[in-house]
Amino acid sequence: MDPLDTRFADCLHYATHRRRTGEPFETAIFNTTIYALPGEPQGAYQYVEDAETLIFPSGMAAVASVLYSQLRPGDQVLLPSDGYYTVRTAAEKFLAPFGVRLRTCPTAAVEREPLDGLKIVWVETPSNPGLDLADLRAVAQRAHAAGALLVVDNTTMTPIGQRPLELGADVVVSSDTKGVNGHSDALFGHVASRNAEVMAGVRDWRRICGAIPGAFETWLVQRGLDTLELRFSRMCDNAQQLAERLIQHPKVRAVRYPGLTSHPAHALARSQMRRFGALIGITLADAGAAERFIDGCRYVRSATSFGGVHSSAERRARWGEAVADGYVRFSVGCEPPGTLWRDVERALEAVGS
Ligand SMILES: *Cc1c(COP(=O)(O)O)cnc(C)c1O
C-alpha cells in the first residue's frame, strides 16, 4: 500500500470527521475576521504537503510572497527561461529595480548550470509548455552546496503527482487556480516548506502586505481538495492513454509527455514523479491545423488555463512562446477515456492534411 494514500484519505476527512449528532457534515463559510485565541498563540496548518502550508488569494500571490520575503538587494535568483512567464515578469519589473539580480536558464539545463552565488534556484518541472524535466534530487543537492534555496513551482503536478519537498526542495509554491481546485472557478495558491525561517518570512509578507485569501474561495478550494486525488488520477490515466494513441496518429508530428518512453527524460520522470501529469504537448503540421483541431473537438475547451475537470487546449505560439506554430498544449480532463479519445481522433481526421 502506498503510505501517501493514508495522507490523502486523512486530508479528505480532515475537516469533517467525528461530527456529533445533529452537526452538519459539510463546512460552513464563517464570515468572521477574528478567531477565539485564548492562552499561548500556536498551531500550524499542514494541508496535503506534509509541511507547514500557507494559503494565498492566487498563485502569483504565493510566488510573490516567496520572492519578496527571501530576496534582498544584491541577491541573485535563477529562474527558468521556459517556465510560467509571469514569474520572470514579476522579478524583472519589481525586483530588478531594487537591485536583485536575475539569471535564467532552460529547465533541461539547470543540472549543468553553475549555481554559485545564488540565493534562490527556482524550478518548474515539467516545464510549461515544453514539458522538459529537471532532476530535483540533483538540483537540490547542488543548490544546497552553493548555499541556495531550491524553490519548486509544483502547479502542474499538484501534491498528488509530485512531492518536491521529499526530493530535497526547500519550498513548494503552487497555483491552486489550476489542478488543486480543479473546477476553474477560483483563484488560489499556496506555499509549503519545512524551513521555519522561510515560512516566518512568507507569513510576515502575507500578513503585512495583505495577501489573504477570501472565505468563499477558500471554501471552494477545500471542496476541490476532497476530489483532488480522484480527479488527478483520472486525468493522468486519461493523459497516458491519449499520449500513447496520439503518437501513433499520422496527423501528429510529435507528442511530448513524460509518461512516454520517447520522452528524453522518461527515466528521470519515473524516478521523481508519482504520476506523469495531465499536460500533453502535441505538435501538428502548422498553426492552421492546430486551430482546426482545437475547434473541432467537442469535449475540449479552447482556453489558456489547465488542470480543470474539463479538457482544454491551446496553441501556445499565440503568446509568442518559443514552441512550434502547430504546438498544442493539451490539458487532459476527467472525461470518460474512450469518449475523449474518439472525439480527439475525429477532430484530427477533420484537420485535413
Ligand atoms: C497559473 C500559474 C501561476 C500563477 O497562478 P495564478 O493563480 O493564476 O496567479 C504560477 N505558476 C504556474 C506554473 C502557473 O501555471
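Select Gly-59, Ala-61, Ala-62, Val-63, Ala-64, Ser-65, Val-66, Leu-67, Ser-69 and Gln-70: these are the buried residues of helix H2. The model on display is a predicted one.

**Helix H2**

Extend the selection to the whole of H2, residues 59-70. The helix has 12 residues, and the distance from its first C-alpha to its last is 17 Å, close to the 16 Å expected at 1.5 Å a residue. Because 10 of the 12 residues of H2 are buried, the helix is largely enclosed by the rest of the structure. In an α-helix there are 3.6 residues a turn, so residues three or four places apart point the same way.

Move next to the start of H2 and display Ser-58 together with Met-60. Here a side-chain oxygen of Ser-58 comes within 3.4 Å of the backbone nitrogen of Met-60.

**The ligand**

Ser-58, Gly-59 and Met-60 are also among the residues around the ligand. To complete the surroundings of the ligand, add Tyr-84, Glu-124, Asp-153, Thr-155, Ser-175, Thr-177, Lys-178, Phe-188 and Phe-306 to the selection. How many residues of this shell are nonpolar, polar and charged? The shell divides into four nonpolar, five polar and three charged residues.

Three polar contacts of the ligand may be inspected in turn. At Met-60, a polar backbone atom is 2.8 Å from an oxygen atom of the ligand. At Asp-153, an N or O atom of the side chain is 2.7 Å from a nitrogen atom of the ligand. At Thr-177, an N or O atom of the side chain is 2.6 Å from an oxygen atom of the ligand. On its own the ligand has 380 Å² of accessible area, and the protein covers 93% of that area.

**The loop between E4 and H4**

Select the loop that lies between strand E4 (120-123) and helix H4 (136-145), where Pro-126 is placed. Pro-126 is joined to Thr-125 by a cis peptide bond, with omega at about 0°. Pro-129 lies in the loop between E4 and H4 as well. The peptide bond that leads from Asn-128 to Pro-129 is cis, and its omega is near 15°.

Leu-131 is the next stop in the loop between E4 and H4. Although Leu-131 is not a glycine, its phi is positive, at about 60°. Is Leu-131 buried or exposed? Leu-131 is buried, with a relative accessible area of 4%.

**The loop between E6 and E7**

Turn now to Ser-184, in the loop between strand E6 (171-175) and strand E7 (189-193). Ser-184 has a positive phi of about 55° and is not a glycine. With 53% relative accessibility, Ser-184 counts as exposed, whereas Leu-131 is buried.

**The cysteines**

For the last stop, select Cys-236, Cys-297 and Cys-334. How many disulfides does the structure hold? The structure holds zero disulfides. Cys-236 takes part in none, and the nearest cysteine sulfur to it, that of Cys-334, is 9.6 Å away. Cys-236 is buried, at a relative accessible area of 2%. Cys-297 is likewise in no disulfide; for Cys-297 the nearest cysteine sulfur is that of Cys-334, 17 Å away. Cys-297 counts as buried, at 6% relative accessibility.

How values were computed:
Residues are numbered from 1 along each chain as its sequence is written. This is a predicted model: local features need pLDDT of at least 70, side-chain atom pairs count only at pLDDT 80 or more; totals for chains, interfaces and linings use all residues. Side-chain values use heavy atoms; hydrogens and water are left out. A residue is near a molecule or strand if one of its heavy atoms lies within 4 Å of it. A polar contact is a pair of N or O atoms within 3.5 Å; within protein, one must be able to donate a hydrogen and the other to accept it, and residues adjacent in sequence count only if both atoms are side-chain atoms. Accessible areas come from the Shrake-Rupley method with a 1.4 Å probe; for residues, only the protein chains shown count as cover. Ala, Val, Leu, Ile, Met, Phe, Trp, Tyr, Cys and Pro count as nonpolar, Asp, Glu, Lys and Arg as charged, and the others, Gly among them, as polar. A disulfide is a pair of cysteine sulfur atoms within 2.5 Å. Buried means under 20% relative accessible area, exposed over 50%, partly exposed in between (1.4 Å probe, protein chains only). Helices (H or I, at least four residues) and strands (E, at least two) are DSSP runs, numbered from the N terminus. The expected span of a helix is 1.5 Å times one less than its number of residues.
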